[in-house]
Structure formats: C-alpha cells, structure tokens
Amino acid sequence: MKYINYDFISSDHLKYLHTYRYKGSDLSLLYNYILSPIAEYCLKFVPLNVAPNVLTLLGLICVIIPHIVFYFIMGDTFNGFIPNWLLWLTATLHMLYMNFDNLDGKQARRTRNSSPLGMILDHNFDSMIILLQGTNLTTAMQIGNNIFAVVLYIIPSIPFYLIAHEEYYTHEMNLPIINAAAEGTISVAIFFAITAYFGCDWWLIKLPTFYELQINHFVLVAFASSVIITMPSVIFKISKFTSVSSLFKQLRYFLFCNAVILYNIYFSKTNVIEQHVRAYMYTVGFTMSKSVGIVALNHVCNAPLPAYLNSIYFFILLLINTISGQILGQSILNEGILIQLIALLSIFIHIHFLYNIGRQISNELNIKIFEINKPIK
C-alpha cells in the first residue's frame, strides 16, 4: 500500500495549499470576444451543483473518445485513409473540449469552488490533450511512422512546459494577445475540418514556392518557427525572477528525455518506430504531462522544483540500449518490447501521480474532487 500512496507534497509545504490563489489573464481577442462569451452563455445551462472538475473531466473525455476511435481504425499507422465522419467528429468534439476548458474556471468562480487541485488538473489535462489530440492530428496530416511524428508533438510541448515554469516563477499566468490556449487550440479543430473537407491527400501536396515542401512538412516548419520566435519573450519574463542558467538547469530533464527519444528513433537498428510509433508518443507525452503536473504542484505548495524525475532511468536505459546496438550491431534488449514497456510504465506512473495528488490535496483541504464543497450564496 505504501507504494501506491506516495506523498508528492512534504508536510512542510501542505500549509501553502490553504493560501494559494490563482492569478492570470488572457489578452486574446478570440478568447475575450468569442470564446469567453460563448462559455458565459453556456454557463447558464450548467447546474450549480456541478463541480468544476467534472467540467474539466468532460473536456478530457471529448478528446479521449476520438483518440480511441482513431486507435481502433488506424492502429499504429499514422497515415492512410481516415473516414470523413471521424475527422468531423474530432473537430466538433475538440470545439466542445475548448468550451469545457473555459467553462470549468467560470463555474469555479461562480460556485466559489476554486482550488489548487482544480488548477493542477486543468493544466495536467491540457498537457495530456496535446498528446492525445496530437497523435490524431499527426495521423490526419499524414506524417507517417517516422521521427517527424514525434517532432510534431515535441514542438508544442516545449512552450507549454516553459509556460508552466513561467507561472511557477512569476506566480501568474498572463497569456499574450495571440496564444496557444485560444488561437492555437482552435487551429487544431480547423486542421481536422480542412482534412475532412479536402481529404487526407491534401497534406501531401508539394509547395513549389517553398522548396517543394509538402504542406504537412511546411506546417511543421511553421510550428517550429513560431516556437523559436515566441519563446525568448517567455524566457525574458522568467529571467526577472531567476537566472537563465538556473532555468535551463530545471529544463535539463525535459530536454534530455526528448533528446534520448529522438536519438533512439534516429539510430534504431530495427527502425522500431515503424511498428511502435504510438508507444513513442505515449512515452514522451505522459512523461511531459507528469513533468507539467510536478511544476504546477510545486507552484501551488511553494516548493522547490526537483532536478529530475525518477522516470529519467527509463530514458537512460533506452539510451544505453540504443548505444549498445550501435556498438554491437544489435541492441541488448528488443527495441520494440522495450519502448512498449516504457510507454506502459509512463502511463501508470502518470495515473499514480494524479491519484496521489488528488488524495493528498483533497485530504488536506477537506474537499471532494468531483463535488461542490462550499455553500453557494
């Protein structure tokens, strides 16, 4: 039982949960003039006895459903024909997810049920959605079973992880006039709708004016460019509270894990990603989700960030196995079995984290996770 119940918050820092208050703003015109008013209107139909975390969970379910359907139809193949109804369903449910994502905070303020746990779950579920919807989008864009599938996921995960650190150091989350939470999220639904309308092959059209790049590869380059352009401003904000060198020390774990995954894919002796691309996505995705959760958790309880997470040993094993294949001509451990095992463990470790922070915070604050906990006046 002691291995199941693990305290991620030390007893010295539990007291900070009682005084934590979320601070943030969103300058997006799309959010303030379209998405937020829609959520305000929908809020009228949400009963007062519905807990904000229920709305957060419903948003996650809106992404899990098409993800499961994609899996049963496409399996471990990230290209090929996708039924139009699935693409339209994914686009529609993604819009519903966006609305639930905006509703939960409004419901929390409306019922006076804001809590540190709600903030952590919201951030953590959003990071999971980058993974789950990212695999669907990678398939729709016909990226295929190759290193670019993982790169397309890593690109948006970098700013998300860095912004989590911004909130940790500045104690606020202030989103700019164009941001991933509003414009970036709705663009995902648009991409699915475009795919449904024009067909999957549209992504394979080459652009003569852009060095014959396929549209899907052009979008990948555009995503990477936007990250390179926007991230310096985030780093500058953080540098007002800590040194850049200290920040990058905190990012070492994240950068190392991603570097190992890309190294393993590129130098794999059996090109294992052709058969197990989804395992790679789950490995980097659930590892990143827990990392975001750890940053958010230490933010709300005013605790120092750990230098690394124990999951690093999985990546060290993966790296050693890859290097052994380069030296010996064949990896010591079967690459396919190893990445599938690590992916499965990454999922269980993430579930273990969510269970324990839910248990610890709800016990300390004497609240129920999926119920209204304060009288509504």
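At what angle do the axes of helix 1 and helix 3 cross, and within what distance do they come? In this predicted model, the two axes cross at roughly 65° and come within 9 Å. Two packed helices are described by the angle between their axes and by the distance between those axes. The crossing of helix 1 and helix 3 is right-handed. Helix 1 spans residues 29–43, and helix 3 spans residues 84–111.

Residues from both helices contribute to this contact. From helix 1, the participants are Tyr31, Leu35, Ser36, Ile38, Ala39, Glu40, Cys42 and Leu43. From helix 3, they are met by Met98, Asn99, Asn102, Leu103, Lys106, Gln107 and Arg110.

Lys106 and Glu40, both listed among the residues of this contact, are also joined by a salt bridge between their side chains, with an N to O distance of 3.0 Å. Because Lys106 belongs to helix 3 and Glu40 to helix 1, this pair ties together parts that are 66 residues apart in sequence. The two partners differ in their accessibility: Lys106 is buried, with a relative accessible area of 7%, whereas Glu40 is partly exposed at 40%. The value for Lys106 falls in the buried class because that class covers relative accessible areas under 20%.

The structure holds five salt bridges. Another of them joins the side chains of Arg278 and Asp76, with an N to O distance of 3.9 Å. Arg278 lies in helix 9 (residues 273–300) and Asp76 in the loop between helix 2 (52–74) and helix 3, so this pair ties together parts that are 202 residues apart in sequence. Arg278 is buried, with a relative accessibility of 4%, while Asp76 is partly exposed, with a relative accessible area of 26%. A further salt bridge is formed by the side chains of Lys368 and Glu371, at 3.8 Å from N to O. In this pair, Lys368 is exposed, with a relative accessible area of 51%, and Glu371 is partly exposed at 42%. Lys368 is classed as exposed because its value lies over the 50% cut-off.

Helix 1 also has a part in a nonpolar surface patch: Ile34 is found in this helix and is one of the residues that form the patch. The full set consists of Leu27, Leu29, Tyr33, Ile34, Ile38, Ile177 and Ile178, and together these residues have about 760 Å² of accessible area. Ile34 itself is partly exposed, with a relative accessible area of 42%. Ile38 belongs to the patch and is also listed among the residues of helix 1 that meet helix 3.

A contrasting environment is found at His165, which lies in helix 5 (residues 147–170). This residue counts as buried, with a relative accessibility of 1%. When neighbours within four places in sequence are left aside, His165 is in contact with Ile238, Leu247, Gln250, Leu251, Val295 and Leu305. Among these, Ile238 falls within helix 7 (215–239), and Leu247, Gln250 and Leu251 fall within helix 8 (244–267).

The loop between helix 7 and helix 8 contains Thr242. Thr242 is buried, with a relative accessible area of 16%. Between Thr242 and Glu172, the separation is 70 residues in sequence and 15 Å in space, taken from C-alpha to C-alpha.

Conventions
Residues are numbered from 1 along each chain as its sequence is written. This is a predicted model: local features need pLDDT of at least 70, side-chain atom pairs count only at pLDDT 80 or more; totals for chains, interfaces and linings use all residues. Side-chain values use heavy atoms; hydrogens and water are left out. Patches are made of residues with over 30% relative accessible area and no salt bridge: like charges are joined within 9 Å, nonpolar side chains (Val, Leu, Ile, Met, Phe, Trp, Tyr) within 5 Å. Accessible areas come from the Shrake-Rupley method with a 1.4 Å probe; for residues, only the protein chains shown count as cover. A salt bridge is a side-chain nitrogen of Lys or Arg within 4 Å of a carboxyl oxygen of Asp or Glu. Helices (H or I, at least four residues) and strands (E, at least two) are DSSP runs, numbered from the N terminus. Buried means under 20% relative accessible area, exposed over 50%, partly exposed in between (1.4 Å probe, protein chains only). Axes are lines fitted to C-alpha atoms, for helices over the stretch in contact, and angles run from 0 to 180 degrees between N-to-C directions. A crossing is left-handed if the near helix is turned anticlockwise from the far one by less than a right angle, and right-handed if clockwise. Contact means heavy atoms within 4.5 Å.
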